[in-house]
Amino acid sequence: MNYLHHFDTATTVEACVAGAGDFGRGILRQAQQMPGMNARIAVDISAETAAQAFEKAGIPASQIAVCQTSDEASDAWQAGKFVACGDLEVVKHLDFDILVESTGIPNAGATHAASALKAGKHVGIATKETESVVGPYLTRLGNRHGRLFTPLDGDQPSLLIGLVTWAQTLGFEIIAAGKSSEYDFVWDEEDQAIWCNGTRFDAPDMADLWTLPEGDERSVVRARGEHLSAIPQISAPDLCEMTNVANATGLTPDHPAFHALVLRTHEVPTLLDLEGNGGVLSGTGRLEVFNCLRRPDELSFAGGVFVVVRCEDAHAWEVLDGKGHILSRSKKSAMVYLPRHLLGLEAPISLLDAVLKGLPSGGGQATRPAVDLVARATVSLSKGQELEMKGHHRHIAGLQPEVHPAAALLDATPVPFYLLPGAVLKRDVAAGQLISVADVQLPDSTLLHLRREQDAMFFSTAESSSEPA
């Protein structure tokens with residue numbers, strides 16, 4: 001992990017941002033403050049929407065050109081304007097160095113990333129949904145064209161990959177690595193309630209579950225989770241991000257649905273250790289997500305990332321314990337953490353690293369498919385039902401995400417979660433059943449074609465797509 005970044009700002013990196021939501025808009029704004037960085041191209045669902053993103057990022061309307069054709073884009077680019085358009089193909093020929101893919105739409109992400117790499121552009125991916133399905137393929141495609149396909153700082157996968165590679169380089173044994181969930185569980189003791197993402201949940205027993213008794217930590221943490229079961233404790237985005245980290249690092253979850261414990265920050269290394277040391281894990285090198293429980297006046301984990309490492313040198317860790325570092329109760333493990341992810345505000349560092357240094361963000365890429373994010377039905381689903389992706393969290397009603405070993409798309413194979421939007425069930429699916437390839441008619445898409453190409457690269461049983469690479 002690079003903590004100090006030195007760049008020759010005599011060279012200006014030009015970025016194109018596809019998907020100007022919160023992440024992309026942060027890059028558009030931050031690039032204006034940085035020497036050696038420009039982000040003058042925005043692509044969104046329409047040219048007008050892209051122009052609005054520029055305006056929200058502080059760009060005067062007089063400097064924004066709404067472009068519908070390649071010629072209009074070329075003229076605006078040469079005139080030094082900010083180019084807003086509704087189709088990457090309109091601007092692909094312009095002289096930019098790196099595409100930021102942040103649409104959050106799985107198929108759009110695949111289409112944009114593949115097109116940009118073939119056009120000789122680097123790609124920084126913030127659309128984790130695309131990466132969870134075809135990240136290794138796009139990494140190989142970038143290599144073939146002499147370009148990088150890289151995660152981006154500001155997103156937890158990149159930050160966690162960086163922390164993991166840092167710990168591995170130092171020779172630490174990694175017991176667990178992961179992130180806190182997006183939204184803290186904040187306990188209002190006077191009101192006897194937990195607040196999460198602006199919503200109040202009754203928690204009358206939380207006072208009895210706030211402190212973990214020595215030797216009985218696991219049962220009390222389980223009781224916490226049950227007491228707060230009305231609050232979602234794991235989400236598709238959480239497991240999607242961990243899928244991408246697994247494919248970049250080789251770390252894997254302890255079980256497909258993760259433990260997703262509700263923990264106070266100082267409890268993390270105690271519970272995310274081996275069972276024999278008082279934790280919940282059956283082995284080391286595990287990926288995990290926890291829900292940060294705190295009072296309103298306590299610091300947030302801020303959706304940050306962590307590694308739990310083995311304390312090999314007792315004296316050294318005794319010194320570090322005295323300096324305020326977080327050790328487990330057994331003193332056999334410790335947590336090192338980064339309590340932040342600043343979305344598009346810090347992502348430009350990754351763009352500079354990729355273009356100027358040829359380095360992937362965090363020091364790792366998804367080079368091989370180790371795991372897939374798949375879906376288990378939580379309710380009975382009927383033949384003919386269409387599966388629809390909805391909301392900020394890109395969830396699909398009636399489906400629970402899980403992480404399983406990667407496999408080629410054969411009839412019995414569980415379908416990657418983000419191939420399912422738009423799929424139609426070919427037969428009834430019972431509650432509790434994994435959704436398999438044989439269960440659904442998948443929509444014909446770039447994402448599906450690229451996934452079949454990825455399967456052909458890594459699995460001898462796979463069918464190759466006819467889509468050219």
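Let's start at Gly 104, which sits in the loop that runs between β5 (98-101) and α5 (106-118). Keep in mind that this is a predicted model. Gly 104 has a relative accessibility of 9%, so it counts as buried, the cut-off being under 20%. What does Gly 104 touch once its neighbours within four places in sequence are set aside? Its contacts are Thr 127, Glu 129, Met 389 and Arg 394. There's also Gly 21 to look at: Gly 104 and Gly 21 are 83 residues apart in sequence, yet their C-alpha atoms are 9.0 Å apart in space.

Next, a pair of helices. Helix α1 covers residues 22-31 and helix α2 covers residues 47-56; their axes come within 9 Å and cross at roughly 50°. That makes α1 and α2 oblique to each other, because an angle of this kind falls outside the ranges for roughly parallel, roughly antiparallel and roughly perpendicular. As for handedness, the α1 and α2 crossing is right-handed. Which residues make the contact between α1 and α2? On the α1 side they are Arg 25, Leu 28 and Arg 29, and they meet Ala 53, Phe 54 and Lys 56 in α2. By type, the residues of this contact split into three nonpolar and three charged, with no polar ones.

On to the nonpolar cores. The largest one has 81 residues. Val 91, Leu 138, Leu 287, Leu 399, Leu 420 and Ile 435 are the residues with the most contacts inside it. Take Ile 435 as a case: leaving out residues up to four places away in sequence, Ile 435 touches Ala 375, Ala 377, Leu 381, Leu 399, Thr 413, Pro 414, Val 415, Leu 420, Val 429 and Val 440. A second core, separate from that one, has 32 residues, among them Leu 209, Leu 228, Ile 231 and Leu 293.

Finally, two backbone oddities, in loops on either side of β10 (193-196). Gln 192 isn't a glycine, but its phi is positive. Asn 197 likewise has a positive phi in a residue other than glycine. Here are the two together:

| Residue | Phi | Loop | Relative accessibility |
|---|---|---|---|
| Gln 192 | about 55° | between β9 (185-188) and β10 (193-196) | 26% |
| Asn 197 | near 50° | between β10 and β11 (199-202) | 49% |

Buried, exposed or partly exposed: which is Gln 192? At 26%, Gln 192 counts as partly exposed. Asn 197, with a relative accessible area of 49%, is partly exposed too.

Technical notes: Residues numbered from 1 in each chain as written. Predicted model: local features only at pLDDT ≥ 70, side-chain atom pairs only at ≥ 80, totals over all residues. Heavy atoms only, no water. Axes fitted to C-alpha atoms, helices over the stretch in contact; angles between N-to-C directions. Helix = DSSP H or I, 4+ residues; strand = E, 2+ residues; numbered from the N terminus. Parallel < 35°, antiparallel > 145°, perpendicular 65-115°, else oblique. Left-handed = near helix turned anticlockwise from the far one by under 90°. Contact = heavy atoms within 4.5 Å. Nonpolar A, V, L, I, M, F, W, Y, C, P; charged D, E, K, R; others polar. Core = buried A, V, L, I, M, F, W, Y, C linked by side-chain atoms within 4.5 Å. Buried < 20%, exposed > 50% of the residue type's maximum accessible area, 1.4 Å probe, protein only.
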